Amino acid sequence: MSSKRWALETVRDEILSAIAEVRTVARSESDKQRSHAADWLHELFVGVADRRGLRAAAAKAFSLYGGTGSFSDVGSAESAHAVDRLAKGLRRGRSWFLRNS
């Protein structure tokens, strides 16, 4: 991991954008579970205003990840891309290199 410091708002917005992509792909694939998870994730992040809140939300969001049958168990290239993008954002959200703007 690099030592680059990320602005809180930038990381939060990146995560929210990735969640929107996950939701769009889930709806296009009629994946109701992933669509509901995206809605839950959106609510988890939309009101985050500080570094502690973002780190906590990202940690909670990672509870959706795991093995077969989990959020990260995807069935198409589009959903794999969206979920990978979200995971990247969540890793940044857990970083100690966040800074409040």
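## Helix packing in a predicted chain

H1 and H4 are roughly antiparallel to each other, because angles over 145 degrees count as roughly antiparallel and these two helices pack at an angle of about 160 degrees. The model in which they are seen is a predicted one. Helix H4 covers residues 77-93, and its axis is 9 Å from that of H1. The crossing in which H1 passes H4 is left-handed. On the H1 side, the contact is made by Val11, Glu14, Ile15, Ser17, Ala18, Ile19, Glu21, Val22 and Val25. On the H4 side, the contact is made by Glu78, Ser79, His81, Ala82, Val83, Arg85, Leu86, Lys88, Gly89, Leu90, Arg92 and Gly93. Sorted by class, the residues in the contact of H1 with H4 are ten nonpolar, five polar and six charged.

### The chain as a whole

The chain has four helices and two strands. Read from the N terminus, the order of these elements is β-α-α-α-α-β. The chain has 101 residues, and 41% of them are buried. The area that the chain exposes is about 5,800 Å², and 50% of that area comes from carbon and sulfur atoms. Of the contacts between residues at least 6 apart in sequence, 71% join residues at least 24 apart.

### H1 and H2

Helix H1 spans residues 8-28 and helix H2 spans residues 32-46. The axes of H1 and H2 come within 8 Å and cross at roughly 160 degrees. H1 and H2 are therefore roughly antiparallel to each other. The crossing of H1 and H2 is left-handed. From H1, the residues that meet H2 are Arg12, Ile15, Leu16, Ile19, Val22, Arg23, Ala26 and Arg27. Their partners in H2 are Arg34, Ser35, Ala38, Asp39, Leu41, His42, Phe45 and Val46. The contact of H1 with H2 holds nine nonpolar, two polar and five charged residues.

Ile15 is one of the H1 residues in the contact with H2, and Ile15 is also listed in the contact of H1 with H4. Ile19 and Val22 are likewise among the residues of H1 that meet H2, and both are included in the contact with H4.

### Three residues

The table gives the place and the relative accessibility of three residues.

| Residue | Location | Relative accessibility | Class |
|---|---|---|---|
| Arginine 23 | helix H1 | 15% | buried |
| Serine 30 | loop between H1 and H2 | 62% | exposed |
| Alanine 37 | helix H2 | 12% | buried |

Arginine 23 counts as buried because its relative accessible area is 15%, and buried means under 20%. Leaving aside residues up to four places away in sequence, arginine 23 touches Ser35, Ala38, Asp39 and His42. These four residues are among those of H2 that meet H1.

Serine 30 lies in the loop between H1 and H2. Its phi is positive, at about 55 degrees, although serine 30 is not a glycine. Serine 30 counts as exposed because its relative accessibility is 62%, and exposed means over 50%.

Alanine 37, in helix H2, is buried at 12% relative accessibility. Alanine 37 and leucine 64 are 27 residues apart in sequence, and their C-alpha atoms are 8.2 Å apart in space.

How values were computed
Residues are numbered from 1 along each chain as its sequence is written. This is a predicted model: local features need pLDDT of at least 70, side-chain atom pairs count only at pLDDT 80 or more; totals for chains, interfaces and linings use all residues. Side-chain values use heavy atoms; hydrogens and water are left out. Axes are lines fitted to C-alpha atoms, for helices over the stretch in contact, and angles run from 0 to 180 degrees between N-to-C directions. Angles under 35 degrees count as roughly parallel, over 145 as roughly antiparallel, 65 to 115 as roughly perpendicular and the rest as oblique. A crossing is left-handed if the near helix is turned anticlockwise from the far one by less than a right angle, and right-handed if clockwise. Contact means heavy atoms within 4.5 Å. Ala, Val, Leu, Ile, Met, Phe, Trp, Tyr, Cys and Pro count as nonpolar, Asp, Glu, Lys and Arg as charged, and the others, Gly among them, as polar. Buried means under 20% relative accessible area, exposed over 50%, partly exposed in between (1.4 Å probe, protein chains only). Accessible areas come from the Shrake-Rupley method with a 1.4 Å probe; for residues, only the protein chains shown count as cover.
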